[in-house]
Amino acid sequence: MNGESPDQQESTPRPPVERESALQPPVECESAPQLPGMVYLVGAGPGDPGLITVKGLDCVRRADVVIADFLADDRLVAEAPRHAERIRVPWRPGRQAEINDLLVRHSQAGKTVVRLKGGDPFVFGRGGEEGLHLQRHGIPFEVVPGITAAVAVPAYAGIPVTHREITSTMTVVTGHVSPDKPRTDLDWEAFAGRIGTLIFYMGARNLPFIVERLIEHGRPKDTPIALIQWGTTSEQRTLVGTLDDIVSRARTATFTPPVLIVVGEVVALRPQLDWFESKPLFGVRALVTRARDQAGELSELLVRHGAEPVEAPLIRIEPPEDWSEADAALSDLSGFDHVVFTSGNAVEAFFTRLIDRGLDARALGGVRVAAVGGATAGALRSRGIEADCRPDVFRAEKLVEALTGESDLRRDARVLFPAADIAGPAVVDGLTAAGATVTRVTFYRTVMEAVLPDGIASMLEDRKIHLAVFASSSAVTVFARAVGPDLLRPMTEGVRIACIGPSTAATAEDAGLSVDIVPGQATVPALVEAIVRDRLAAGDQLAAGDQLDAGGRLTADDRPAAGGRHGE
């Protein structure tokens with residue numbers, strides 16, 4: 001594992017090898033044994049999937065097998081290739097031997113294995129034990145360090161573990177100690193006196209014991225202490241007190257594992273440095289129903305404002321079963337006067353097939369291009385095409401009005417309409433009524449899932465979804481069908497419904513959903529801003545005309561003088 005290739009290890013030529021006579025009988029060789037696959041011990045970070053390292057994510061994306069801890073986020077596990085086997089290993093006594101065997105068995109089968117561990121593998125993560133087990137069995141392995149909870153979780157609670165005016169020392173300690181033992185290997189006297197910040201892992205159940213020992217060995221009773229539960233996730237809760245009162249506070253607040261304990265004067269900085277829990281969508285779990293390859297922008301913006309997106313791709317975008325009609329249209333592009341796009345999917349499917357046939361945007365020379373909505377126009381712009389016609393409202397009917405309003409749309413104009421297999425008749429009927437000849441061609445299929453993805457139904461039933469976001473009418477239709485008409489209202493009770501535009505909202509209302517949020521513009525950024533405004537308005541923080549900054553917060557001039565959403 002020195003990283004050198006065989007060709008690099010020797011620079012001097014080897015002497016010629018004497019070969020046996022050709023008259024010697026051939027020697028039968030046994031097949032070479034299977035070489036073991038590489039095992040990567042990867043730190044997934046403390047909870048927020050965005051905190052995994054670039055190298056760690058690359059390992060997951062190349063894995064044949066992912067063996068993930070309970071605390072590793074589902075979104076990271078989902079980054080594994082489609083063929084990869086995904087194994088969850090929730091911790092229980094005696095489980096480590098089973099995990100060690102899994103690592104060895106899959107590696108010996110020649111597979112690339114990722115052991116995805118919360119935080120850092122070598123910080124209370126048993127990564128050292130697993131590495132030694134692999135080494136004893138001759139299994140190659142690499143360690144990919146992760147961001148440890150000891151630093152990241154306090155940071156997400158607004159607590160710096162060091163501060164040059166407060167302390168320059170910190171100690172990370174296991175809180176999983178037995179109070180029944182008269183002695184432990186922990187130096188409580190040092191913890192109570194010489195060390196600035198103490199970080200205790202796995203200490204929730206032993207909190208009374210930890211506090212008692214610190215006070216007993218001289219730590220002042222008024223020392224600030226914070227308990228941080230489910231740190232760096234949308235479920236993060238932070239409880240602040242002193243050594244004197246934290247046990248009773250924790251009992252009242254029912255703080256249960258996983259909890260990180262921070263002891264020290266740095267805890268007092270939290271009111272000024274609390275950046276995560278003050279985000280406008282903090283604590284909101286949002287159901288995102290877009291196709292998996294399209295959910296990225298929407299999920300990213302929701303995360304930026306503090307929400308936790310739960311991606312439930314109810315729609316898959318697939319190529320048509322037969323490309324013959326599409327290919328014929330692409331071969332005859334110069335014969336069309338207009339090409340009409342009503343979605344980003346249509347743009348991507350059109351240009352992907354165009355390039356596959358050895359053509360590019362120049363094939364549209366002399367053809368006027370129309371787009372419905374900003375997202376569609378943006379998809380065209382990324383391909384080097386600026387839409388000639390772009391209605392402001394995200395509705396196909398408005399596109400027909402805009403096109404028929406142009407003086408150059410002759411009654412015999414030829415219009416190509418690249419569309420989905422389930423595209424509605426509005427564009428074709430409207431342009432045909434205006435006298436145009438419309439060629440509607442299927443460039444992609446919308447494949448609808450029959451049931452909700454695993455776990456989504458139970459999350460709705462348990463009221464763990466606070467917001468459902470729909471970016472297309474088809475997503476609403478599939479969701480309503482998957483839930484069923486009898487359960488649609490009960491399962492979405494208390495869930496805010498956000499739709500990207502009036503057409504989608506109309507479909508939702510027709511399905512029986514009560515729509516709460518519709519942006520003025522039918523774009524993903526406008527949709528997310530509308531969600532943020534709805535959330536802030538619910539907390540009586542937002543008034544008409546207030547401006548939001550890039551993080552979704554009120555600008556300085558518009559912020560309330562005191563209190564705010566977390567002062568309720």
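These exercises, each with a worked solution, explore a predicted model.

**Exercise 1. The five-stranded sheet**

Find the order of the strands in the open sheet of five strands, and name its edges.

*Solution.*
Step 1. Recall how sheets are held together. Strands pair through backbone hydrogen bonds, in a parallel or an antiparallel way.
Step 2. Read off the order here: β3-β2-β4-β1-β5, with parallel pairing.
Step 3. Look for strands that pair on one side only. These are β3 (85-88) and β5, the edge strands.
Step 4. Add the twist. From one strand to the next it averages 15°.
Step 5. Zoom in on one pair. β2 (residues 65-68) joins β4 through four bridges, in the parallel sense. Within this pair, I67 sits opposite R115 of β4.

**Exercise 2. Helices on that sheet**

Determine which strands α2 and α4 touch or lie across, and at what angles they run.

*Solution.*
Step 1. Take α2. This helix packs on the sheet and touches β1, β4 and β5. Its direction makes about 135° with that of β5.
Step 2. Take α4 (residues 95-108). Helix α4 lies across β1, β2, β3 and β4. Relative to β4, α4 runs at about 150°.

**Exercise 3. The buried face of α2**

List the buried residues of helix α2 (residues 54-61) and explain how they are arranged around its axis.

*Solution.*
Step 1. Apply the cut-off: buried means under 20% relative accessible area.
Step 2. List the residues: G56, L57, C59 and V60 are buried.
Step 3. Look down the axis of α2. The buried residues fall within an arc of 155°, so they line one face of the helix.
Step 4. Link this to helix geometry. An α-helix has 3.6 residues a turn, so residues three or four places apart point the same way.
Step 5. Find the cover. Elements over the buried residues of α2 include β1 (39-43), α3 (74-77), β4 (113-117) and β5 (141-144).

**Exercise 4. A strand covered on both faces**

Sort the residues of β11 (residues 285-288) by side, and find the strands that pair with β11.

*Solution.*
Step 1. Start from the pattern. Side chains in a regular strand alternate between the two faces of the sheet.
Step 2. Sort them. R285 and L287 lie on one side, A286 and V288 on the other. All four are buried, and both faces of β11 are covered.
Step 3. Find the neighbours. β11 pairs in parallel with β12 (residues 308-311) over four bridges, and with β18 over three, also in parallel.
Step 4. Match residues. A286 stands opposite P309 in β12, while L287 has A468 of β18 as its bridge partner.

**Exercise 5. Helix α13**

Compare the span of α13 (residues 344-356) with the expected one, then find what packs against its buried residues.

*Solution.*
Step 1. Its 13 residues reach 18 Å from first C-alpha to last, close to the 18 Å expected at 1.5 Å a residue.
Step 2. Buried residues of α13 include N345, F350, F351 and R353.
Step 3. Packing partners of the buried residues include β13 (315-318), α12 (324-331) and α14 (374-382).
Step 4. Look just past the helix: G358 has a positive phi of about 80°.

**Exercise 6. Unusual backbone**

Locate M202, R463 and P258, and describe the backbone feature of each.

*Solution.*
Step 1. Set the baseline. Most residues other than glycine have a negative phi, and most peptide bonds are trans.
Step 2. M202 has a phi near 50°. It lies in the loop between β7 (197-201) and α8 (207-216), and is partly exposed at 43% relative accessible area.
Step 3. R463 has a positive phi of about 60°. Its loop runs between α17 (456-461) and β18 (467-470).
Step 4. The peptide bond from P257 to P258 is cis. P258 is in the loop between α9 (246-253) and β10 (259-263).

Terms used. Residues are numbered from 1 along each chain as its sequence is written. This is a predicted model: local features need pLDDT of at least 70, side-chain atom pairs count only at pLDDT 80 or more; totals for chains, interfaces and linings use all residues. Side-chain values use heavy atoms; hydrogens and water are left out. Helices (H or I, at least four residues) and strands (E, at least two) are DSSP runs, numbered from the N terminus. Buried means under 20% relative accessible area, exposed over 50%, partly exposed in between (1.4 Å probe, protein chains only). Two strands pair if DSSP finds at least two bridges between them. The arc is that of the directions from the helix axis to the C-beta atoms. Contact means heavy atoms within 4.5 Å. Axes are lines fitted to C-alpha atoms, for helices over the stretch in contact, and angles run from 0 to 180 degrees between N-to-C directions. The expected span of a helix is 1.5 Å times one less than its number of residues.
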